[in-house]
Every structure is written in structure tokens, then in C-alpha cells.
Amino acid sequence: MSDEYLWDRSGPPDPLIAQLERELRPFAHREGTRATFVVDPPRSARRLMFYAFALMNAACVMLLAGLAWRHHDQRPVMAVTRLAGTPQLASRPLVNEGNLAVGRWLVTDADARASIGVGDIGRVNVDPGSRISLMASGAGNYRLHLARGTMHALIWAPPGQFFVETPSATAIDLGCAYTLTVDDEGAGLVRVTSGWVGFEWRGHESFIPAGAVCPTRRGHGPGTPYYEDTSAAFQEALSAIDFGAADGPLKTAALDRVLSDARQREVVTLWHLLSRVPAADRDRVFDRLAGFVPPPAGVTREGVRAGRREMLDGWWDELGLGTASWWRTWKQQWRGQGDK
């Protein structure tokens, strides 16, 4: 396009300008109509203004697109580092390092391992044969979903900031290190090596101290915590109580086994059973626990039999494992975050 065409239309027109003029011709000034401007600029100047206006529109579109991409690029992520093999990050091979975004999956095959940085509060190592996704990443609410496989978490932040969803329960960090495993059926097991882990599903709660383990099953939620050095018969009896088909002679026999084999350190197991066995069997658990740790003033047999939360919490505080108030406080916090 020549300069002459822009000034006096004497040169050959540029095709783009010619098309722009045709599209804008219906809006051209006509005699007898009210002028938009006090001074009507020359026609060539109007064309320049039209051209500049089109360029400004294009620039605005590009700016908005850039801002949208910048916002997309800054979505919550967790940094991932390859440890062995070739993990798949968002369906692509992870060569060295990458970012796990919300809604994306990290998958490890039989030879792959990876490490996930949980903000500045901890780290999660992912074993082979695992599938894990990011649900949220922000101060006070770091949340992963372990669909299957094994992960090892080390969290050094204050309790109640890191959560791991599984098909059958949610693990809540209470300042701890733990290993969490989920099988193909959605059943899981948490092993706590330091601190505490809370396990929760639809109001069904388990508190697991260091050295203890706790299973969970789809449709049942977390079972009763126990120490791994208990006998196989003790563990099988607990499984029957927690995940058995129905109440009956088998569960009665299972409770007999647990009560007879319980040691001093099984006060954690016995305390959980107070609210898990049928009301008719709670007196037996009450007596066995009272033989190790007498109930404090105000905690009555009738209240425990009725499942009164304040009495159960009051007895927990006597076990020498900390106060239940910390769990109640943090539970309100992380539930509020999860609802956002």
C-alpha cells in the first residue's frame, strides 16, 4: 500500500484497507445527519483513525489472551522430581522435573518412583505402581488423592494442613511421618512412624499414634488402630469387629479375643472400641479399659454406653496421648477449608 492512497486515494489501495472501508461504509458520515464530532475530519484522517482503532482492538485481544494464559500458567501446582524410571506426569513422561497441576495425575509403573514437594511444609515420595493426583495446593490446604499404590509423607508444618483422600477415607496430617497404601479395591492401610494421623470418613474417626497402624475399607471407612506387634489373632479379631458382615456370635467371639489379649498399650484400641461395638457390649470394653486407665470424674458408664462425645473425649485425655481438643479444633479448620 502506498502513502498516496492514505492521503488522497491516488495510489493503489491495500486489500486489507479496502476491505475495512467496505465493512465500515454503512457507518460513514452523511449530509443531514447529526455529526458525532464538532469538527468533521478529512476522509483520509478518518481512515487512519479506523485503521488505528482496528490495531488497538487487535492489541487488546492479544493482551487479554496473554493475561488469560498467565493466569492459567499460575494455577496451583506441586513440584515433582523423578527419582527412578519414567513416571508419567499429566500423561507425559517425566524426564527430570515438572509441575503437578490441580486435576492432573502422577502415575508410576513398576520401575518408576517420584517425589512431590508439598509447598514449604513437607514432601511425599511415591513408590512404583501408584496413581496420585493433586486436588488443592494452597496455604493451609494441601490435598492429594491416592487412588492406588504407596506414598510416604513427611510433614513438618503445624497439624491440619495436609490431607490425602483415598477411596475409603481421608488421612489428615497432625504433624507426622507416615506411609499410606491403597490397593486396587480401594482398601488402605496407614502406618505412622512419628506424630499422629487422623483417619476420617463420614464422621467415622480414628486417631493413629506413632508405631500404630490403621486399615480402611471402602464403604466402612477407617477401622480400629492397633500396634503391629500384636498377635495375628488379635488383628483378625479387630478386622471382624470393624468390617464383619453383621453382629452375631462371630463378632462376640472376636470381641472376647481382643479384650482377653489387650495389653496396657492397647488403651488406644480399647478407647476406639467404646464407640464401635454395640451398646450392649460397651460395658465390657468400659471395664477392660478402666482396668488400665480409670475413667476421670464425670465420665460415667451410662454416658459412655450412650456414646456421649464429651465423655469419650474426657477419657481420652487421661490416656497420656494428648488432649482431644486439638483434634476438635483442627477438624473444624480443615473441614472449613475442604468446603471452599
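Which residue in β7 is the bridge partner of Val-118? The partner is Gly-122. That pair opens a tour of this structure.

This is a predicted model, in which local features need pLDDT of at least 70, side-chain atom pairs count only at pLDDT 80 or more, and totals for chains, interfaces and linings use all residues. Residues are numbered from 1 along each chain as its sequence is written, and side-chain values use heavy atoms, with hydrogens and water left out.

## Strands around β7

Helices (H or I, at least four residues) and strands (E, at least two) are DSSP runs, numbered from the N terminus. Two strands pair if DSSP finds at least two bridges between them.

Strand β7 covers residues 122-126. Strand β6 (residues 113-118) runs antiparallel to β7, and 5 bridges join them. Their hairpin has 3 residues between the strands. There, Gly-119 takes a positive phi near 55°. Strand β9 (residues 142-155) also pairs with β7: the two run antiparallel and share 5 bridges. In β9, Met-151 is the bridge partner of Val-126.

Buried means under 20% relative accessible area, exposed means over 50%, and partly exposed lies in between (1.4 Å probe, protein chains only). The side chains of β7 alternate. Gly-122, Val-124 and Val-126 point to one face and are buried. Arg-123 and Asn-125 point to the other face and are not buried.

## Two cores and a covered helix

A nonpolar core is a set of buried Ala, Val, Leu, Ile, Met, Phe, Trp, Tyr and Cys residues joined through side-chain atoms within 4.5 Å. In soluble globular proteins, nonpolar side chains tend to be buried together.

The largest core here has 38 residues. Met-151, Phe-162 and Tyr-178 have the most contacts inside it. Strand β9 gives the most to this core, with 6 residues. Another core, of 34 residues, lies apart from it. Among its members are Tyr-226, Phe-286, Val-293 and Val-304.

Tyr-178 touches many residues beyond its neighbours within four places in sequence; contact means heavy atoms within 4.5 Å. Its partners include Met-151, Phe-162, Val-190 and Arg-191.

Helix α9 (residues 309-316) is mostly covered, with 6 of its 8 residues buried. Among the buried ones are Met-311, Trp-315 and Trp-316.

## Salt bridges

Side chains of opposite charge can pair when their charged atoms come close. A salt bridge is a side-chain nitrogen of Lys or Arg within 4 Å of a carboxyl oxygen of Asp or Glu. The whole structure holds 12 salt bridges. Some of them are listed here.

| Pair | N to O distance |
|---|---|
| Arg-191 and Glu-228 | 3.1 Å |
| Arg-257 and Asp-261 | 3.3 Å |
| Glu-266 and Arg-263 | 2.7 Å |

What does the pair of Arg-191 and Glu-228 tie together? Arg-191 lies in strand β13 (residues 188-194), and Glu-228 lies in the loop between β18 (226-227) and α4 (232-243), so the pair ties together parts that are 37 residues apart in sequence. Arg-191 is partly exposed, at 34% relative accessible area. Glu-228 is partly exposed too, at 42%.

Arg-257 and Asp-261 both lie in helix α5 (residues 249-261). They are 4 residues apart, about one turn of the helix. An α-helix has 3.6 residues a turn, so residues three or four places apart point the same way. Arg-257 is partly exposed at 39%, and Asp-261 is partly exposed at 27%.

Is Glu-266 buried or exposed? Glu-266 is buried, with a relative accessible area of 1%. Its partner Arg-263 is partly exposed at 31%. Salt bridges that share partners join Asp-229, Arg-263, Arg-265 and Glu-266 into one network.

## Positive phi in loops

Most residues other than glycine have a negative phi. Ala-90 has a positive phi, near 55°. Ala-90 is in the loop between β2 (88-89) and β3 (92-93), and it is partly exposed at 32%. Arg-202 also has a positive phi, of about 50°. Arg-202 sits in the loop between β14 (196-201) and β15 (204-209), and it is exposed at 74%.

## A buried aspartate

Asp-242 is in helix α4. Asp-242 is buried, with a relative accessible area of 15%. Beyond its neighbours within four places in sequence, Asp-242 is in contact with His-220, Gly-223, Thr-224 and Arg-276. Asp-242 and Val-277 are 35 residues apart in sequence and 8.7 Å apart in space, C-alpha to C-alpha.
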